[in-house]
Every structure is written in structure tokens, then in C-alpha cells.
Amino acid sequence: MVCSDPQHIDLHIHSNASDGSLSPREILNQALQLGLAAVSITDHDTVAGSVAAIEGGIPSGLAFLTGIEISAAPPAGYSARGSFHILGYGIELRSPQLNKTLDVLQQARSNRNPQIIARLRDMGIPISLEAVQAEFGGEGQLGRPHIAQLMVQEGWVASFNEAFDRFLGAGKPAYVDKHRVPCADALAIIRLAGGLPVLAHPGLLKINRGVAFETMLDSLQEMGMRGLEVYYPEHSPELIGYYADCAARRGLLKTGGTDFHGTLKPGVGMGFGRGDFFVPVALYEALARCLPLSASPR
Ligand code: AMP
Ligand code: ZN
Ligand code: FE
Ligand code: FE
């Protein structure tokens with residue numbers, strides 16, 4: 001699909017450096033073909049995708065923001081339920097503090113995958129880590145979407161979503177919790193890398209609106225958070241309006257993206273998500289005006 005209006009962006013994209021199916025180059029090419037104005041590669045726990053995108057050269061006519069998505073522990077008293085993620089934009093990719101934390105997360109991930117596989121094997125689903133690595137490459141950050149895809153390919157489940165619904169999703173029998181960086185640390189390392197920390201997909205949180213949610217936003221802002229991912233395919237137009245208002249009342253930047261994973265998240269297209277969803281370019285322009293951020297929180 002080619003968009004008739006070029007002024008759309010996608011600031012939440014996963015490459016094959018984590019659990020997306022496209023390489024950074026393929027992402028940039030597709031973004032260009034779609035006529036997107038700006039993109040960011042926001043891989044889980046690795047900046048390798050952003051590094052490769054920049055090393056390969058950003059096509060003219062497309063704006064690119066370096067990015068990251070960090071699995072964090074929420075502020076004390078708030079429930080995480082698997083999707084408390086902090087996005088970072090405009091980060092210096094060689095930041096030592098950032099890379100040190102990412103090393104810890106990557107190590108934790110490589111300890112977690114065999115545990116997930118062991119649980120599946122205990123349930124009579126004999127897939128192997130070697131098979132996951134052989135299918136999806138040994139270098140990127142492997143995670144549950146790769147395991148889910150292999151389960152489909154080997155016929156253990158009929159669909160990717162069934163793999164999560166029955167086995168891999170939070171609270172399901174093969175679920176193993178992720179190592180999480182305390183949110184204050186995740187925000188601080190993004191700030192130290194000159195980046196802009198943003199709360200990802202608030203609609204996926206257990207507490208996603210109301211007083212408790214807004215108190216949590218206030219705590220995060222106190223810790224240095226600068227933006228809210230207002231536009232996200234799973235947010236209804238009404239919820240987008242609510243989050244836009246939450247951001248405006250606090251002077252937080254609004255961001256948005258699809259969480260595109262290519263074939264590893266069926267049904268979500270780059271720049272478009274589902275239906276008539278899109279993210280306006282004005283959000284990118286406001287963000288870019290704030291970068292680079294000073295390292296000091298507020
Ligand atoms: P991991 O990093 O291994 O915890 O995997 C996280 C990724 O799994 C997310 O970015 C989503 O793409 C995907 N995911 C998590 N929960 C679900 C779910 N219930 N259904 C489908 N995909 C999911
Ligand atoms: Zn992912
Ligand atoms: Fe996320
Ligand atoms: Fe994501």
C-alpha cells in the first residue's frame with residue numbers, strides 16, 4: 001500500500017536485530033516506498049538495528065531517529081503485567097552506560113529463552129533452542145515471537161496468537177518473566193545517552209487510565225520521562241484523545257508508532273497498523289526540536 005499523504009511517520013519499529021522479520025535496510029526501503037516522513041527502529045534491548053541503519057546510510061527524503069525499547073519495572077506500587085516498556089529516541093548509540101545496561105538485558109534474555117523452551121518441552125512440545133537459532137539467526141535478540149513462529153511452523157499451534165494465548169503469554173504455562181531494569185534506571189540511561197525517554201503503549205498496561213495511571217505518569221515524569229506513546233494501533237480513537245490530553249496537561253511530548261514486527265506480528269503494517277490508523281508527522285517535528293536532550297533530568 002502506498003500512502004497518498006506523505007506526512008505520516010512510524011516511531012515504533014522492530015528489526016531483525018530483535019524480534020522483527022525485516023533487516024534495518026529493508027525497513028528503510030519499505031518506509032521510503034510507503035512515503036513515510038520519519039521512522040525509528042526501536043528494538044528490544046539492543047541498538048544493533050539502529051547502528052546498522054545508520055552505517056548503511058539513511059535514504060534522503062526519510063528522517064531517522066535512533067531508538068530503543070527497554071523492558072522496565074514500573075514505579076513501586078504499580079503492576080507491570082508484561083508490557084511496561086520505555087522507549088528512547090535520539091540516543092547516542094555508543095553511550096557506555098546504555099550499552100552496559102543492554103548487555104545485562106541481553107544476558108538475561110539468553111538465560112530466559114532456554115527456560116521457556118524447557119517449559120514447552122515439559123508440556124510435550126519438543127522444540128529446541130538450536131532450531132530457533134537456526135531459523136532466525138544467532139545474532140539478533142531472540143524472544144517469544146521467534147519461539148511462537150517456530151511453534152506454528154512445526155505445527156504445534158495453528159497460529160502465532162494461539163502460541164501466546166495458550167503457552168507464551170504472561171501467566172500462561174510456558175511464560176517466564178523477563179529481567180526488568182528499574183524504571184528510574186531505564187529513564188536515566190536514556191537521558192545520559194542524550195535521548196528522550198517515552199512511556200510505550202500505555203493502553204497495554206493493566207492500569208491504563210484514571211487517577212492511578214496519571215499518578216504513575218507524574219512519578220515517571222519526576223524521574224525524567226519526557227513523552228507518552230499516544231498513537232498506537234491498540235489505542236481506540238477515544239483512548240488516543242485521552243492520552244493526548246494527559247500529555248498536554250503535563251507538557252509531555254506525544255509520540256506514536258505501530259510496533260511493526262513484519263511477519264513476527266501478523267496483521268500490523270508499517271506506518272499504518274490496522275484500519276485507518278496513522279501517526280502525524282507533527283509529532284516527529286516536535287520531538288526533533290527537543291533533541292539532543294541535556295543529560296540532567298529536568
Ligand atoms: P519478549 O521480548 O520475548 O518478552 O517478547 C515480547 C514480544 O512478544 C512483544 O514485543 C510482542 O511482539 C510479542 N507479544 C507479547 N505478548 C503477546 C501476545 N499476547 N500476543 C502476541 N504477541 C505478543
Ligand atoms: Zn517485540
Ligand atoms: Fe513494547
Ligand atoms: Fe515494541
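Donors are N, O and S atoms within 2.8 Å of the metal (3.2 Å for Na, K and Ca), and water is not among the atoms, so sites may look incomplete. This is a predicted model, in which local features need pLDDT of at least 70 and side-chain atom pairs count only at pLDDT 80 or more, while totals for chains, interfaces and linings use all residues. Residues are numbered from 1 along each chain as its sequence is written, ligands are numbered from 1 in the order in which they are written, and side-chain values use heavy atoms, without hydrogens and water.

**Exercise 1.** Find the protein donors of the iron ion (ligand 3) and place them in the chain.

*Solution.* Start with the atoms: Glu69 (OE), His85 (ND1) and His201 (NE2) lie 2.0 to 2.2 Å from this ion. Next, read their spacing in sequence, which is E-x15-H-x115-H. Then look at the two histidines: His85 sits in strand β4 (residues 85-89) and His201 in the loop between β6 (196-199) and α8 (211-222), 116 residues apart. Helices (H or I, at least four residues) and strands (E, at least two) are DSSP runs, numbered from the N terminus. Finally, both His85 and His201 are buried (under 20% relative accessible area, 1.4 Å probe, protein chains only).

**Exercise 2.** Work out which residues coordinate the iron ion (ligand 4), and which metals lie around this ion.

*Solution.* First, list the donors: His12 (NE2), His14 (NE2), Glu69 (OE) and Asp259 (OD), at 2.1 to 2.2 Å. Second, notice Glu69 again: this residue bridges ligand 3 and ligand 4, two iron ions 3.4 Å apart. Third, turn to the zinc ion (ligand 2), which is 4.5 Å from the iron ion (ligand 4). To finish, check burial: Glu69 and Asp259 are both buried.

Technical notes
Buried means under 20% relative accessible area, exposed over 50%, partly exposed in between (1.4 Å probe, protein chains only).
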